[in-house]
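Trainee: I have just opened this model and would like some help finding my way around. Could we go through it together?

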Amino acid sequence: MGSPPIIEVSSLFHSYGETEAVRGVSFFVREGEIFSLLGPNGAGKSTVINVLITLLPLQKGNVTIAGYDLARDPAHVRRSIGIVFQEVTLDRDMTCREILEFHGRLYQMPAAERKARIEELLALVELRGKADTLTRHLSGGMKRRLEIARGLMTRPRILFLDEPTIGLDPQTRRRMWDYIRAVNREGTTIFLTTHYMDEADSLSDRISIMDHGTIVTTGTGWELKNRLGEDLIYLETSDNARARDVLGGVPDVGELREKSHGIVAMVKKDGTFLLPVLIERLISEGIRVHAVNLKKPSLDDVFVHYTGRELRDEGQGRGPLQGGPAGVRPG
Amino acid sequence: MRQWTGFLTIYWRDMLRFFRFKTLLVSSLVQPALWLAFFGIAMSANFARLSSGMAPLPGIREVGYLTFMAAGVIALTTLFTSLFGGIVILFDKNWGLMREVMASPLPRGHVIVGIGLSGMTKSFIQVSIITAFGILIGVEFFSGNTPVQVLVSLLGMFLFVGIFSLGFVFLSSAIAASLESPEGLQGIMTLLSLPLFFVSNALYPAAVFPPALSALSAANPLTHLINGVRYFTIGPDFQVIGVHYALSVQDVALSLGVLAVFTAAMFGIALWRFGKAVVT
């Protein structure tokens, strides 16, 4: 299944002085897909993306983008990609139209093509009415949309988006996702970095989870979640330590984890039918059950499973399965 | 690909920003004119009183202090404007605006050339205003010249101003590319500009300097700019407050050569510093 790879990265390393930020990363992105590099801040995502977009030198490893070798032919790589940077990089003193005009000129687009493309893109990101407004007067969401338009100005084959919805309110984030999907439907391959689980889950065809400078796992969102089993069952009991021993003896229960107030069981069967069995078993052992929760594994659970740490996500509520104060990295 | 015109894109954006902000634009134009008006008129009144008892050197054209100083104000304005011309690189770097340019196919040399040309244009505008305003308040530039001679003189003056300006914008670009943040920038600029300013013949004759200062003054690009400007605006041979100035064609050609070498060297340094800069 799938198209040929448009990005291929193998054994990429990158250090800042003594600090190894990226330690042997390999992955590929298929043409036409939305690919997410997911991980906490400091995982090395930005370093990877900065090497791919030629802002950082390629220290070690092989990278091919759109058929061009990054080390030998960075100029052609630059012409094949569009970029939306992590922080807003719009000149406050230029209008939307001027921002796009400048970008088109930077890439030496002919004047007539520039003009037509600007109108087309302003319509796409719904900024026609703001064409001659200074960017300092735009809202956060408008700025992001303008940056996406700028990234698409030269009709790149791949659009890189570095944390595209950071700092946006939930409604605006969802609208950004719609724009990203629309761009992808037009045939542009999307490379996304994010630390939002829901963002990666909702948008991506494939996801790589990165932590401490390496990729810990890769797959479709569905594959990743299924690796944890069918369901996750959370139980709070009168004696969690004993409950853990009891549940460990049930054949359909996989891995067990103790939380601050309860236990999480990853189960291999449909939890709706297994849960009553587990509760009965606990009661028969004299253990009282105070609270239960049953859910499908989320990407958060996948992340915790592979890294042993929580990745706090402001876009999602804090359910019992995500609770626990230990090991949270600063966001 | 029209790759060789890439610097025009950088030039376009910098000029767009320059003309967009009227307060900045107007103040940068009015400031040198004010300096000429107040400092120049006050100083020339003082010098007129001091030198009133002295007999002028016989047979040499005498010009007023205001005229002498106007050429100096042209040079100083060019120096200060150019020294700050490259700072935009530092701010673009700090605010992330430089990333777009760095990730584009535009060769880095074009950024330096674009910023250089934009600084040069700003200097040209300021110099035109000072010249026009100066003549209005009594500066005796181009006196006795035919219209053709005036045109030649203007071209000569702008040639000197242009080369000098490029050199100092390149220097400031090199500094801006090397700095991590704007702190300390003001200090570096003051440290650079004050010695250049005082060890030159901008406001007073350098002929009476002690030998060491005199040697420094001869190595100072600002002195060479002023030589060129005075040669074309006042003339090759004149006296002011009892000091005789004579510049031969060879002197002026040498000054132009020194400025050309200086500017070429600064371009090299700017390219090297900018090539080292990592922008993420």
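Trainee: Which residue of chain B forms a salt bridge with A:E87?

Mentor: Happy to help! A salt bridge here is a side-chain nitrogen of Lys or Arg within 4 Å of a carboxyl oxygen of Asp or Glu. The closest N and O atoms of this pair are 2.7 Å apart, and the partner of A:E87 is B:R99.

Trainee: What kind of model is this, and how are its parts numbered?

Mentor: It is a predicted model, in which local features need pLDDT of at least 70 and side-chain atom pairs count only at pLDDT 80 or more, while totals for chains, interfaces and linings use all residues. Residues are numbered from 1 along each chain as its sequence is written, chains are lettered from A and ligands numbered from 1 in the order in which they are written, and side-chain values use heavy atoms, leaving out hydrogens and water. So, to name the kind in one word drawn from the above, the model is predicted.

Trainee: How many salt bridges are there between chain A and chain B?

Mentor: Over all chains, the structure holds 30 salt bridges. Between chain A and chain B the count is four.

Trainee: Which helix gives the largest share of the side of chain A that touches chain B?

Mentor: Helices are DSSP runs of H or I with at least four residues, numbered from the N terminus. Two elements of chain A give two or more residues to this side, α2 (74–80) and α3 (96–106). With six residues, the largest share comes from α3(A).

Trainee: Where do A:R105 and A:E101 lie?

Mentor: Their side chains meet in a salt bridge, at 2.9 Å from N to O. The two residues are four apart, about one turn of the helix, and both lie in helix α3 of chain A.

Trainee: How much area do chain A and chain B bury between them?

Mentor: Buried area is the accessible area (1.4 Å probe) that two parts lose on being put together, summed over both. Of the area here, 61% is on carbon and sulfur atoms. A:F102, A:L106 and A:Q108 supply 26% of what chain A buries against chain B, more than any other three residues. The total for chain A and chain B is about 2600 Å².

Trainee: How many residues does the contact take from each chain?

Mentor: Contact means heavy atoms within 4.5 Å. By that rule, the contact takes 31 residues from chain A and, from chain B, 26 residues.
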